[in-house]
Each structure stands twice: as C-alpha cells, then as structure tokens.
Amino acid sequence: MFAIFELSVIQWIMVIICTIFIGFTKTGLSSLGILVVTILMYIFPAKASVGILLPMLIVGDLFAVTYYRKNVVWSYLLSLLPWVLAGIVAGYFVLDQVNSDQLKPLIGVLVLALIILHFSRERLGERFNQLLPASLWFTALMGILAGFTTMIGNAAGGVMAIYLLVKGLPKQDFVGTGAWFFLFVNVIKIPFYIYLGLITFETITFNLWLIPTILIGAMIGVRVLKLLPQKTFQVLVLGFAAIGAIRLLFG
C-alpha cells in the first residue's frame with residue numbers, strides 16, 4: 001500500500017479542493033464529480049483512488065438525502081436497481097482483473113463518453129429526451145451502465161443525469177432521487193471494495209480527516225446553487241474534466 005499520508009502540500013490542497021467539490025456534487029452540481037475522479041487519479045494510484053473516494057462520496061450522500069429527504073421518486077429507483085446490481089457485479093470482476101495502469105485509460109474513455117453525453121443533452125435539449133425511449137431496454141441499459149461505471153470509477157453521475165432527465169423530474173426531485181440512488185449503490189459497493197483491498201483501515205482514517213471539508217462543500221452548495229450561472233460553470237468543469245480524461249488516456 002502506498003503511503004497515503006505522505007502527500008506533498010500541493011497534493012493535500014488538491015485533495016481538500018476535491019472534498020469541497022464532492023459536497024457541491026451531492027447538492028446539485030453533479031458535473032463536478034467527473035472532475036474529482038480525474039484529479040484523484042493523479043494524486044493516488046488509479047485503482048487505489050477508487051477506494052479512497054467511495055467513503056467520501058457516502059458522507060456527501062448522507063448529507064444530500066437528509067436535506068432532500070422529501071424529494072424522491074421511489075418508482076424510478078426501484079425499476080432501475082436490479083439492473084444496477086448486475087452492472088456492479090460486472091464492474092467488480094473488471095476491478096479484480098485490472099491494475100492501475102490499465103484502469104487509467106478505461107476511466108479516461110468512460111469520462112469522455114459521459115462528457116459527450118452531457119454536451120449532447122445540453123445541445124439537443126428536449127429533442128434528446130425524445131430520442132431516448134422510456135422502455136424496459138432503456139432502463140436496463142442505463143441501470144447496467146450506471147452500476148458498472150460507479151463500480152469501476154465512482155463515475156455514474158452522467159449516466160444517472162441522462163436517466164433522470166428522460167423521466168422529466170423537477171429540479172428538487174432530480175437531485176433528491178439521485179442522492180438516494182447513490183447512497184444505496186455506494187453502500188452496496190463497500191464489501192466489494194474491502195474484499196479487493198481498496199478500502200483499508202488506513203484509507204478510512206484518511207477519509208475521517210476530510211469529513212469537515214466535505215460537509216462544508218455540501219452546505220455551501222445548497223446555499224449558492226441558485227445564485228451560480230450553472231450552465232457556464234458546468235461547461236468549464238466539463239472542459240477541465242475532458243483535459244484530465246485525455247491525460248488519463250495518454251499520460
């Protein structure tokens with residue numbers, strides 16, 4: 001295991017920024033999640049970063065479901081979950097076979113695909129929704145893809161955004177339903193990550209030190225979400241994420 005606490009000052013600053021971004025991600029600015037994934041893979045070995053990130057996401061999930069506890073559409077989650085579980089199992093076998101060098105380009109391709117999905121949704125608007133059928137096969141595809149991407153890289157935010165967008169949820173229900181979904185799947189992933197050696201006593205200790213900044217990010221996110229020019233902000237974040245994904249592919 002790498003020396004998790006032997007980070008440079010710059011690396012600690014980047015980690016703290018990531019934890020604040022995680023808080024923002026869980027309270028409305030979901031595009032930040034892609035940026036966090038790419039940044040952490042430069043601070044830590046790619047495979048290890050997946051296990052370091054998961055408990056921090058769960059802290060953010062707990063805050064989000066508490067704040068948005070009344071804003072959830074359970075029927076949309078229940079129809080998705082069986083397919084998500086299949087995707088998680090598939091992702092587990094991939095994680096069990098690949099190393100950090102192999103995982104980096106895999107995550108890079110995944111991040112770029114999610115960015116393309118996001119920009120396609122933004123560009124086509126309502127036309128994009130009409131192109132995606134609200135059928136069983138679409139639910140199955142989204143569920144499996146969400147489970148697989150969340151398992152191998154904690155990067156299912158873009159997939160869930162597409163799925164919930166098609167359902168036409170109001171903003172509060174969109175965020176609340178997504179929050180409950182990620183709390184559920186992230187908790188399910190814990191025993192898999194422990195078995196794979198991605199979550200250890202050392203990583204959990206590291207995570208505990210960072211809980212305050214995660215909560216700070218979540219509280220700030222709740223308060224400033226309506227004041228931020230969100231579309232411009234997301235474009236900038238996705239742009240940086242794209243640079244990070246390209247570096248993962250060719251770095």
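1. Asp-61 is buried, and Lys-26 is buried too; buried here means under 20% relative accessible area, exposed over 50%, and partly exposed in between (1.4 Å probe, protein chains only). The side chains of these two residues form a salt bridge, at 2.7 Å from N to O. The pair joins distant parts of the chain, with Asp-61 in helix H3 (residues 46-67), Lys-26 in helix H1, and the two positions 35 residues apart. A search of the whole structure turns up one salt bridge, the term being a side-chain nitrogen of Lys or Arg within 4 Å of a carboxyl oxygen of Asp or Glu.

2. A word on the source. This is a predicted model, in which local features need pLDDT of at least 70 and side-chain atom pairs count only at pLDDT 80 or more, while totals for chains, interfaces and linings use all residues. Residues are numbered from 1 along each chain as its sequence is written, and side-chain values use heavy atoms, with hydrogens and water left out.

3. On confidence, the mean pLDDT of the protein is 81, and 81% of its residues reach 70 or more; pLDDT is the predictor's confidence in each residue, from 0 to 100. Helix H6 (residues 126-131) has the lowest confidence, at a mean of 62, and helix H10 (residues 201-209) the highest, at 91.

4. The secondary structure consists of 12 helices and zero strands. Helices (H or I, at least four residues) and strands (E, at least two) are DSSP runs, numbered from the N terminus. Of the 251 residues in the protein, 51% are buried. Among contacts with a separation of 6 or more, 86% are between residues 24 or more positions apart; contact means heavy atoms within 4.5 Å.

5. Helix H1 (residues 9-26) has 18 residues, which at 1.5 Å a residue should span 26 Å, and its end C-alpha atoms are indeed 26 Å apart. The expected span is 1.5 Å times one less than the number of residues. The buried residues of H1 include Val-15, Cys-18, Thr-19 and Ile-22, and Lys-26 of the salt bridge is also on that list.

6. Helix H11 (residues 211-224) and H3 have axes that come within 10 Å and cross at roughly 40°. Axes are lines fitted to C-alpha atoms, for helices over the stretch in contact, and angles run from 0 to 180 degrees between N-to-C directions. The crossing is right-handed, that is, the near helix is turned clockwise from the far one by less than a right angle. On the H3 side, Met-56, Val-59, Gly-60, Phe-63 and Tyr-67 meet residues of H11 that include Ile-214, Ala-218 and Val-222.

7. H11 has 14 residues and reaches 20 Å from its first C-alpha to its last, close to the 20 Å expected. Thr-213, Ile-214, Gly-217, Ala-218, Gly-221 and Val-222 are buried in H11. The buried residues of H11 pack against H1 and H3.

8. Two single residues merit a look. Thr-177, in helix H9 (residues 171-195), is buried at a relative accessible area of 0%. Leaving out residues up to four places away in sequence, Thr-177 touches Asn-71, Val-72, Val-73, Leu-77, Leu-164 and Leu-169. Met-160 lies in helix H8 (residues 157-166) and counts as buried at 2% relative accessibility. With the same exclusion of residues up to four places away, Met-160 touches Leu-80, Phe-181 and Phe-182. Met-160 and Gly-143 are 17 residues apart in sequence and 8.5 Å apart in space, C-alpha to C-alpha.
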